[in-house]
Amino acid sequence: MTRFRAPVWARNPHAQTVLGALRDRGEAGPLTRERVTLADGDFVDLDWLSPAARTRPVVLLLHGLEGSSRSPYITRFLRHCRAVGWNAVVMHFRGCSGEPNRLPRGYHAGETEDLEEIVGLLARRHPQGLCAVGYSLGGSVLLKWLGEHGGTARIKAAAAVSVPFELASAARRLDRGPSRLYQWVLLRWLKRSLTRKAQSHGGDARFLKGLRTFRAFDDAVTAPLHGFRDADDYYRRASCRPYLRHITVPTLLVQAADDPFLMPGCAIAENELGAAVRLELSLHGGHVGFINGGTPWAPRFWLDDRLGAFLGPYIDS
């Protein structure tokens with residue numbers, strides 16, 4: 001295993017984060033979409049590398065906040081999967097696949113029921129085995145689900161990248177200093193999605209303009225839509241940190257100490273982790289960056305090879 005080391009020109013967390021979020025020139029290749037109707041009548045969309053390949057294990061990918069199968073970090077790992085001959089599928093959270101979902105509710109960092117439905121579907125289709133990777137918010141959902149299910153989780157191995165283990169502290173960090181830029185961008189995407197959904201359902205989303213922080217957004221939107229009392233109740237009940245000790249599936253956590261989405265010094269202690277969980281905390285890497293070479297115009301990413309090396313023995317066994 002090669003530890004992550006950032007080149008001199010990419011030791012700034014914002015360089016890592018911004019360059020990692022830029023759409024690269026490569027493509028994952030053609031994806032096939034499948035719509036899955038959920039138990040409550042809503043839907044999620046799955047994007048497949050090889051939907052007909054039922055005899056191979058599959059890697060399930062969970063994107064971050066307002067991400068999709070077109071997110072650069074997802075595209076890069078899909079390309080890795082295609083190159084090594086793995087099947088993979090991206091689960092879009094409700095409303096993230098380009099079409100508003102049907103119900104008023106959406107998704108959030110602690111919502112695991114949809115993941116449970118999709119894992120059940122995939123486990124029935126792919127008895128050879130299932131692995132999963134979650135990024136940022138998707139990593140939070142994956143880790144909480146793993147902790148909730150313990151030894152009954154129907155996957156062989158998992159990995160989570162740049163996870164906000166404590167939602168309250170992440171919201172505070174994103175309202176400080178340069179990290180406010182990320183807050184502004186992400187809230188803009190959220191408001192755009194909700195405005196489009198409100199228009200399709202005949203609703204009024206003008207109140208969204210006044211929500212300028214994640215705490216304000218979660219207090220006014222996330223919490224009431226999903227049965228929480230307020231933002232504090234949501235942050236407390238939806239954070240994945242208390243569930244980490246209950247994970248029994250082999251799981252890799254890839255985190256950077258300089259992640260601009262997370263409060264400094266909020267790293268997880270070893271005694272908070274289940275015995276099957278491995279934490280790799282690097283000094284640099286930003287948020288879902290982990291650039292280890294190349295140039296600013298053509299960065300080389302370490303993350304996909306690391307995830308592939310961890311998951312490979314479980315996928316190929």
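When I call a residue buried, I mean that its relative accessible area is under 20%. Keep that cut-off in mind, everyone, and hello. What we have here is a predicted model.

Let me start with two aromatic residues. Both phenylalanine 290 and tryptophan 302 are buried. For phenylalanine 290 the relative accessible area is 0%, so by the cut-off I just gave, this residue counts as buried. You will find phenylalanine 290 in the loop between β8, residues 277-282, and β9, residues 291-295. There is something about its backbone, too: phi is positive there, about 60°, although phenylalanine 290 is not a glycine.

Now, how many aromatic pairs does a search of the whole structure find? The number is nine. One of them is formed by phenylalanine 290 and tryptophan 302, with 5.8 Å from centre to centre and 40° between the planes, which makes the pair tilted. This pair links distant parts of the chain. Phenylalanine 290 sits in the loop between β8 and β9, and tryptophan 302 belongs to the loop between β10 (298-301) and α9 (303-315), with the two residues twelve apart. They also have company: ring pairs link Phe4, Phe290 and Trp302 into a cluster.

Let's look at another ring pair, phenylalanine 310 and tyrosine 314. Their ring centres are 5.8 Å apart and their planes are at 50°, so this pair is tilted. Where do phenylalanine 310 and tyrosine 314 lie? Both are in helix α9, and because they are four residues apart there, about one helical turn separates them. Phenylalanine 310 has a relative accessibility of 12%, so it counts as buried. Tyrosine 314 has a relative accessible area of 26% and is partly exposed.

Rings also meet charges in this model. The charged end of arginine 35 sits over the ring of phenylalanine 43, at 3.8 Å from the ring centre. Likewise, arginine 76 places its charged end over the ring of phenylalanine 301, and here the distance to the centre is 3.7 Å.

Next, a stop at glutamate 66. This residue is in the loop between β3, residues 58-62, and α2, residues 72-84. Its phi is near 60°, a positive value in a residue other than glycine. Is glutamate 66 buried or exposed? Its relative accessible area is 19%, so glutamate 66 is buried, the cut-off being under 20%.

Aspartate 233 is another acidic residue to find on your screen. It belongs to helix α8, residues 231-238. With a relative accessible area of 3%, aspartate 233 is buried. Its side chain makes a polar contact, at 3.0 Å, with the side chain of arginine 237.

Let me turn to the cysteines. A disulfide is a covalent bond between the sulfur atoms of two cysteines. How many disulfides does the structure hold? It holds zero. Take cysteine 81: the closest cysteine sulfur is in cysteine 131, 10.0 Å away, and that is too far for a bond. Seen from the other side, cysteine 131 has its closest cysteine sulfur in cysteine 81, again at 10.0 Å and too far for a bond. As for their surroundings, cysteine 81 counts as buried at 0% relative accessibility, and cysteine 131 is buried with a relative accessible area of 1%.

My last stop is strand β6, residues 157-161. How many of the residues in β6 are buried? Five of its five are, and the strand is mostly covered. Ala157, Ala159 and Val161 point one way from β6, while Ala158 and Ala160 point the other way, and all are buried.

β6 has strand partners as well. Strand β5, residues 130-135, is joined to β6 by five bridges, and the two run parallel. One residue to pick out is tyrosine 135, whose bridge partner in β6 is valine 161. Together with helix α4, residues 137-149, β5 and β6 make a right-handed β-α-β unit. Strand β7, residues 251-256, is joined to β6 by four bridges, and these two strands run parallel. Here, alanine 158 stands opposite threonine 251 in β7.

That is my tour, and thanks for listening!

Definitions and conventions
Residues are numbered from 1 along each chain as its sequence is written. This is a predicted model: local features need pLDDT of at least 70, side-chain atom pairs count only at pLDDT 80 or more; totals for chains, interfaces and linings use all residues. Side-chain values use heavy atoms; hydrogens and water are left out. Buried means under 20% relative accessible area, exposed over 50%, partly exposed in between (1.4 Å probe, protein chains only). A polar contact is a pair of N or O atoms within 3.5 Å; within protein, one must be able to donate a hydrogen and the other to accept it, and residues adjacent in sequence count only if both atoms are side-chain atoms. Rings of Phe, Tyr and Trp (its six-membered ring) pair if their centres lie within 6.5 Å; planes under 30 degrees apart count as stacked, over 60 as edge-to-face and the rest as tilted. A charge sits over a ring if NZ of Lys or CZ of Arg is within 6 Å of the ring centre and within 35 degrees of the ring normal. A disulfide is a pair of cysteine sulfur atoms within 2.5 Å. Two strands pair if DSSP finds at least two bridges between them. A crossover is right-handed if, with the strands pointing away from the viewer, the path from the first strand over the helix to the second runs clockwise.
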